[in-house]
Amino acid sequence: MVTENLQAIKQRIENACKKAGRDPREVKVLLATKTVPAERIQLALQAGYTLIGENKVQELSQKYKSLQPLQPTHHFIGHLQTNKIKDLLKYNITCIQSVDRFDLACKLHHRLQAQGRTMDIMIQVNTSAEDSKFGVAPESTIDLVQRIAGLHTLKIRGLMTIGLLSADIEQARPCFRLLKQIQQQIKAFNIPNVSLSELSMGMSGDLEIAIEEGATIIRIGTAVFGKRRYPDSYYWNESAYVQ
C-alpha cells in the first residue's frame, strides 16, 4: 500500500507541475513520519524516497538506528524546545525546518559552535496568523532572518509554513502565496549567509495548491502512510492538522 500511495503522490505532483508550468524535479517529497513505525518508513525508503522528517526528538531517537542502513536524509520539522537541542544533535540531521525565534537560533548556534559544526535551517513562518501554530509573524520574518544570519554556524536555506486547514483547500493558497512573497522580499536584501532556495509548504491535502505557489518541498504523511490513530493534537501542542 505504501508503494502504491507513493506512486499516486508522484502522479499528483506531475499533474500539479504540468498545470503550473513547472518541472516535477523542482519539487522534493519529504515523508512526514511522526507516529509511523520504522517498518513502514523502510518501505518508502526502499521505493527510492530518501527525505524524511520527524516532529519529536524522542521519536527520532527510537527509529534512527533501524533506518540508518537505508541512509535517509533527516530533517527535523517539529517545534524544537531549547532543552532538546543537545539530544537532537546526536543524530545526523541535515536541516531543521522549524526555527522561529532568535533565542532558539542562538542556543543552537552555541551548541554547533562547540562541536565545530554547521547546520542548514529554515525559518518557520505563521502565515495563517493562527495562535495555535508556531512560527514567526510574517511582518517580523525579515528582521529575524537578518539577526540569525549573523550566526555563522546556521545556514538559512529557506522558509517553511503550514497552510490554513480548511475543507476548501483554496483557503491555504494565500498562506503559500505570502510565503513566496516573503522569500522574494528577503532575497532582494542579498543578506550574506542566506540563500532561501527552498520553500517547504504543502501537505497531503493541499500539495497541488502549494506547488502552484512555488513549493520546492512538500511534506507528505497520511497520503503515504494512512491516517494516524489519534489526531495530531494528541502528539504535540499545535492544533490538529493533516500532514
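**Second largest pocket**

I started with the lining of the second largest pocket, keeping in mind that this is a predicted model. I get 13 residues lining the second largest pocket. Which of them lie nearest its centre? I noted Leu165, Ser166, Ile169, Gly205 and Asp206.

Next I looked up how much space lies in this pocket, and the value is about 170 Å³. I then split the lining by class: 7 residues are nonpolar, 4 are polar and 2 are charged.

**H2 against H3**

I moved on to helix H2, residues 38-46, and helix H3, residues 57-67. Their axes come within 10 Å, and I read a crossing of roughly 50°. Angles from 35 up to 65 degrees fall outside the parallel and perpendicular classes, so I put H2 and H3 down as oblique to each other. Is the crossing left-handed or right-handed? For H2 and H3 I have right-handed.

Then I went through the residues that meet here. From H2 I listed Ala38, Ile41, Gln42 and Leu45. On the H3 side, Lys63, Ser66 and Leu67 meet them. Sorted by class, the residues of this H2 and H3 contact come out as 4 nonpolar, 2 polar and 1 charged.

**H6 against H7**

My next pair was helix H6, residues 141-148, with helix H7, residues 173-187. How do the axes cross, and at roughly what angle? I have them coming within 10 Å and crossing at roughly 45°. That angle makes H6 oblique to H7. I also checked the hand, and H6 passes H7 in a right-handed crossing.

For the contact itself, I wrote down Thr141, Ile142 and Val145 from H6. H7 brings Ile182, Gln185 and Ile186 to the contact. I counted classes here too: the contact of H6 with H7 has 4 nonpolar residues and 2 polar ones, with no charged residues.

**Side by side**

Looking back over my two helix pairs, I have H2 and H3 crossing right-handed, and H6 and H7 likewise right-handed. On charge, I have 1 charged residue in the contact of H2 with H3 and none in the contact of H6 with H7.

Note on methods. Residues numbered from 1 in each chain as written. Predicted model: local features only at pLDDT ≥ 70, side-chain atom pairs only at ≥ 80, totals over all residues. Heavy atoms only, no water. 1 Å grid on protein atoms, 1.4 Å probe; cavity = no way out; pocket = protein on both sides within 12 Å on 5 of 7 lines; lining within 4 Å. Points joined across faces, edges and corners; volume = space filled by probe spheres on them. Nonpolar A, V, L, I, M, F, W, Y, C, P; charged D, E, K, R; others polar. Axes fitted to C-alpha atoms, helices over the stretch in contact; angles between N-to-C directions. Helix = DSSP H or I, 4+ residues; strand = E, 2+ residues; numbered from the N terminus. Parallel < 35°, antiparallel > 145°, perpendicular 65-115°, else oblique. Left-handed = near helix turned anticlockwise from the far one by under 90°. Contact = heavy atoms within 4.5 Å.
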